[in-house]
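User: I'd like to learn how to read a model like this one, feature by feature. Could you walk me through it?

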Amino acid sequence: MQAAMAAVPPLIENAQIADPVRRFLEYVLNKREQGNPVVGVYCGYAPVELIRAMGAVPVSLCSASQWTIPAAEAILPANLCPMIKSSFGFIRTNACFFYAASDAVIGETTCDGKKKMFELIAHLKPTFIMDLPQLPDDTEVLDRWRKSVLKLQGFLEKTLQTSLSADRLEAEIRETNRKNRLMDRFFAYLACRPIPVSWREIYDVITLEHVANGDEFQDLIEKISSSIDQRIALGQCFGTFSSPRILVSGCPVGGDACKVLQIIEEAGGVVVAMEACSGMKNYFVRITEESSDPLRAVAESTLSIPCSCMTPNRRRLDLLDKMIARFSPDAVIDVVLHACHAYNVESHKIRKHVQKKHGLPCLKIETDYSKGDIEQIRTRVEALFENLELKK
Amino acid sequence: MRIAGIDIGSRTVKLAVLEDGQLILSRNTMTSYNPLATAQELMGDAVFDVITATGYGRHLIKGHLDCPVISEITAFARGARFFSSDCRSILDIGGQDTKAISLDQEGNLRKFEMNDKCAAGTGRFLEVMATALGFTIEEFSKAGLSAGKAVKINSTCTVFAESEVVSLTAQGAARDEVALGIHKAIVSRSIGLLKKVAVPGEIFFAGGVAYNDCVRVLLEKEMGQPVFVPSDPQIVGAVGAALSSL
Amino acid sequence: MADYTKMWSELGLDLEGHNALLSILGSAYGDIFLSQKNRPEGMKYFDFVMSEVHGLRIQELMEAKAQRRIVVGSYCVFVPEELILAVDGVSVGLCAGAEFNFEGAEEVLPRNTCALIKSAFGFKLGKVCPYLEASDVVVGENTCDGKKKSYEILAPMVKDLYVMDLPQMKTDMGRTFLKEEYRRFMAKLERVSGKKITPESLKMGIEIVNAKRAAVKRLAAIRAADPAPISGLDALLVNQVFFYDDPVRFTHSVNQLCDELEERVKNGIGVSAPETTRVLVSGCPMAVPNWKLPMLIESSNAVIVGEESCVGERGVRWLTESKDGTVEDLLDAITARYFSIDCAVFTPNPSRVEYVKEMAKKLNAQGVIHYSLQFCQPYIVESGPVEKELEHASIPTLRLETDYSQEDAGQLKTRIEAFIERLEKK
């Protein structure tokens with residue numbers, strides 16, 4: 001299987017484009033040179049269409065390295081989610097270029113840890129915290145969230161000395177929808193058995209979206225699609241027909257947390273879908289076009305994100321149903337970052353749902369960014385795969 | 001007047017007797033399942049006028065000797081000043097806990113931090129790791145010092161680290177390099193505590209682990225501050241207790 | 001105590017587990033409370049309440065229910081008792097202070113969940129909390145990630161779980177939102193009780209609760225005296241009983257206790273010697289029977305003179321403006337009152353540390369012990385800046401993080417003693 005993978009030509013030929021961090025860095029530098037302000041974001045609840053419509057560039061801030069955690073732990077409790085510690089450590093050690101480059105930063109009250117961490121950085125940059133509703137099914141909730149988005153608009157207009165026109169926002173809504181539809185074309189390949197793309201390539205394509213406009217992205221997706229078609233024609237794929245297909249759900253899995261994906265691969269499994277917001281979740285969103293109130297449309301789309309900070313978070317179960325039907329996984333691995341109470345508590349529900357409704361095994365992995373638990377995770381993943389084998 | 005202090009720790013019991021500002025008696029022994037008996041045996045024929053108890057077993061002995069007690073944190077703060085009259089930052093790594101203490105100019109307790117309730121990164125941790133690698137404690141420290149590079153150990157939890165060490169050696173990692181890795185892990189954990197309280201200047205390093213040269217050398221390097229180890233780092237708490245009898 | 005077996009089994013309690021709980025509770029109470037020296041006479045009432053906390057009080061709840069009054073259980077000081085009283089309901093705090101049946105709780109919750117949440121589940125799954133079983137409505141509120149998500153799991157286990165959302169920022173929008181949530185809660189109460197909230201009933205509710213809070217505030221103020229006229233443990237107990245007892249009777253008993261304490265202060269009588277080291281405890285709530293930390297502190301040559309906590313000052317500090325007006329006006333007043341609470345759920349939350357300073361000064365505390373329940377991120381993350389700020393204001397501060405287990409008692413004791421020794425030097 002390893003040999004087969006090595007033989008597969010890369011999906012994106014240009015090495016310059018293929019390194020996501022460099023690509024992103026250059027993109028931001030270029031934009032800045034062209035005079036576009038930069039807005040740092042930590043979460044999908046910050047509406048990127050609004051930011052882009054003001055001529056600013058939304059950038060995700062660094063949050064996924066073990067390396068910055070010791071610096072954070074001098075101030076934050078050790079017993080906190082690694083993503084929050086890493087984010088804070090990046091800022092504290094001046095190691096996040098994107099934060100340094102940001103003209104404004106948007107935080108949100110998605111979880112206790114982040115919420116309280118923002119208090120420690122809010123004085124460093126113009127920072128806006130969005131008070132997020134937690135009952136998504138409440139009747140008044142959309143009106144309230146729209147007001148938050150409107151307040152954000154006011155903050156950005158003031159901080160960036162710019163203004164928002166409804167037309168620009170409408171155009172950005174169309175752009176997002178277009179890119180999300182294009183992304184869906186790519187996601188369609190993940191349903192193939194055996195699968196013609198690796199988890200790294202899924203991430204590559206996702207990061208490409210961040211640095212491309214609709215036209216550029218269309219071009220990229222077409223090229224990528226034809227590469228994949230060629231792979232399929234040549235029988236080049238990852239794993240075999242019987243490799244365990246895994247849907248990875250839960251907390252964002254990026255940077256040093258990718259060890260979990262790596263372990264799945266090394267144990268002979270293939271990742272066929274990534275539900276988390278670092279993965280595919282946000283691309284299933286469609287924003288209402290040509291509404292009389294594009295701001296409301298944007299608010300509605302972000303509010304529909306099925307994050308565990310919502311209670312109850314029924315939409316995540318619905319999303320999992322759709323993803324399971326479409327990508328036919330053999331098992332679900334629910335990744336919980338250490339001390340993330342929201343995903344951790346919800347995991348119980350996810351497991352019950354996945355087992356009862358779909359008859360699939362669900363393995364919860366609680367981990368952080370360190371390497372200390374790699375062998376333990378490996379043992380558990382291998383045991384899961386062995387069990388799948390027995391059931392066949 | 002002869003003043004005495006007894007420090008009943010989790011691994012060892014220490015007795016100090018002072019007279020006219022001089023340490024005239026210093027004894028220690030391993031703690032047994034019966035710390036009270038051990039303490040009484042240790043005191044044996046020692047002659048003193050007053051005694052103060054400190055350490056984990058302090059309240060136990062209080063009922064039997066009818067003596068005052070002080071916490072080991074205060075005891076270390078006072079004891080450190082006996083050996084180093086102007087020290088401000090103290091690190092004590094004992095059998096089952098690690099304390100980082102800072103003092104003000106006058107020697108009063110300013111801030112302190114302690115490890116969590118488990119024995120991660122303490123003297124006991126080093127003992128278990130040395131055994132896992134087939135070293136004596138002395139060999140263990142030498143091995144760490146002689147290693148050219150370190151194998152990274154991620155856990156300072158005694159239980160997890162032991163299995164990590166076993167799997168590393170099974171993978172063929174060099175014993176010396178693992179030893180250095182373990183020493184680095186304990187030092188980085190101690191620094192985590194120390195940085196929360198320490199002030200610039202010399203660090204007074206006490207407790208049984210201060211005998212370990214590898215830990216001392218790494219500590220000096222990582223903190224970038226000189227580290228001072230008294231002649232008998234284990235007796236510091238007992239001396240501090242004795243001084244508080246005055 | 002009378003025989004309540006019939007009532008308990010009718011409530012569906014697990015009698016064996018419940019007996020075990022009561023016997024542990026009874027002996028702990030004896031060791032911790034009854035063994036204290038120089039206790040005020042007025043504490044006898046609270047001893048009685050505690051001895052009947054699962055007996056007579058539950059019988060009262062059952063009698064109230066028989067008269068078609070609803071029982072509303074809750075876990076948080078953001079749930080306005082005023083509204084519950086306005087539909088002639090009974091408001092009770094639910095059990096969440098003991099390490100009971102954590103094995104059961106950990107079957108549905110992660111191990112690293114805060115002890116308070118695990119305890120609530122332990123009680124429910126072990127069927128030993130008569131308050132929970134007697135509740136017609138259980139109110140959950142989104143104060144923290146752990147509680148918010150756990151309520152989803154609790155929902156199918158209780159008769160009627162009602163979730164209240166809370167703002168997390170003190171903005172105008174936040175205030176408006178809180179009011180809307182209270183309005184929604186009012187409608188819920190009206191629906192369940194079949195009674196309409198009127199300006200009169202709401203005003204009466206406000207006045208009863210104000211009187212209750214005022215009595216406890218009075219108690220808090222008396223504790224500024226040296227020697228301390230009442231132990232921190234006993235004062236905490238009063239604050240805990242606050243959540244269970246009949247409000248009018250409670251108010252009367254607290255005021256009686258205060259009369260006695262004022263007399264003590266006049267005569268210089270205290271529970272400990274004059275100039276005993278005085279500490280203020282700040283942070284997470286301590287629900288019955290979580291007496292671990294105060295016991296460790298007060299057995300270390302110190303006396304606790306205040307609790308900056310939901311079970312304590314944060315729960316009683318603000319009164320609701322009582323005025324004549326429409327339900328809408330009164331709802332505004334209630335919203336204003338609850339929106340003032342400086343819980344760590346809010347971001348940012350700067351007024352809290354300011355008030356800790358003020359309390360330390362008012363009560364002549366020499367130091368502050370900041371207490372966080374393990375895994376409670378809002379308070380733990382806040383504790384760092386709070387400590388820094390207090391130390392900066394020359395108020396020595398010790399941060400402790402613990403749970404309901406006894407295994408860290410030795411470690412905590414060492415830290416507390418060292419801290420008290422630090423304060424004594426001053």
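Analyst: Happily; we will go from the overall form of one chain to the strands, helices and contacts of another. Keep in mind that this is a predicted model.

User: Let's begin with chain B. How many helices and strands does chain B have?

Analyst: Chain B has nine helices and nine strands. Its C-alpha trace spans about 60 × 40 × 30 Å along the principal axes.

User: What does the radius of gyration say about chain B?

Analyst: The idea is to compare the value with that of a compact globule. For 246 residues such a globule would have a radius of gyration near 18 Å, and chain B has 18 Å, so the two agree. Burial adds to this picture: 49% of the 246 residues of chain B count as buried. Sequence separation is another thing to look at. Of the contacts in chain B between residues at least 6 apart in sequence, 69% join residues at least 24 apart.

User: Now a single residue. Is C:Lys196 buried or exposed?

Analyst: For burial, we count C-beta neighbours. C:Lys196 has 11 of them inside 10 Å, and 12 or fewer means exposed, so C:Lys196 counts as exposed. You will find C:Lys196 in the loop between α10 (172–193) and α11 (199–222) of chain C. To place it relative to another residue, take C:Leu21: the two are 175 residues apart in sequence and 39 Å apart in space, C-alpha to C-alpha.

User: How do I read a strand, say β1 of chain C? Which residues lie on each of its faces?

Analyst: Look at the two sides in turn. In β1 (residues 71–74) of chain C, C:Val71 and C:Gly73 are on one side, C:Val72 and C:Ser74 on the other, and all four are buried, so both faces are covered.

User: Which strands are joined to β1(C) by bridges?

Analyst: One is β2 (residues 90–93) of chain C, which runs parallel to β1(C) and is joined to it by four bridges. Within this pair, C:Ser91 in β2(C) stands opposite C:Val72. Between the two strands the chain passes through helix α5 (residues 81–86) of chain C, making a right-handed β-α-β crossover. Another is β3 (residues 137–141) of chain C, also parallel, with three bridges to β1(C). There, C:Val138 is the bridge partner of C:Gly73.

User: What is the strand order in the open sheet of four strands?

Analyst: Read across the sheet rather than along the chain. The order is β6-β5-β7-β8 in chain C, with parallel pairing. The edges are β6 (302–308) and β8 (397–402) of chain C, each pairing on one side only. On average, neighbouring strands of this sheet are turned by 25° against each other, direction ignored. Inside the sheet, five bridges join β5 (residues 277–283) to β7 (residues 367–373) of chain C, and C:Val279 stands opposite C:Gly367 in β7(C).

User: Which strands does helix α17 of chain C lie across?

Analyst: Helix α17 (residues 350–362) lies across β5, β6 and β7 of chain C, and runs at about 140° to β6(C).

User: Finally, how many residues does each chain give to the contact between chains C and A?

Analyst: Count both sides: 34 residues come from chain C and 34 from chain A. On the chain C side, the elements giving two or more residues are α9 (145–154), α10 and α18 (377–392). Of these, α9(C) gives the most, with eight residues. By character, that side divides into 16 nonpolar, eleven polar and seven charged residues.

Conventions: Residues are numbered from 1 along each chain as its sequence is written. Chains are lettered from A and ligands numbered from 1 in the order in which they are written. This is a predicted model: local features need pLDDT of at least 70, side-chain atom pairs count only at pLDDT 80 or more; totals for chains, interfaces and linings use all residues. The radius of gyration is taken over C-alpha atoms; the globule rule is 2.2 Å times the number of residues to the power 0.38. A residue is buried if 20 or more other C-beta atoms lie within 10 Å of its own, exposed if 12 or fewer, and partly exposed in between; C-beta atoms are placed from the backbone. Two residues are in contact if their C-beta atoms, placed from the backbone, lie within 7 Å. Two strands pair if DSSP finds at least two bridges between them. A crossover is right-handed if, with the strands pointing away from the viewer, the path from the first strand over the helix to the second runs clockwise. Ala, Val, Leu, Ile, Met, Phe, Trp, Tyr, Cys and Pro count as nonpolar, Asp, Glu, Lys and Arg as charged, and the others, Gly among them, as polar. Axes are lines fitted to C-alpha atoms, for helices over the stretch in contact, and angles run from 0 to 180 degrees between N-to-C directions.
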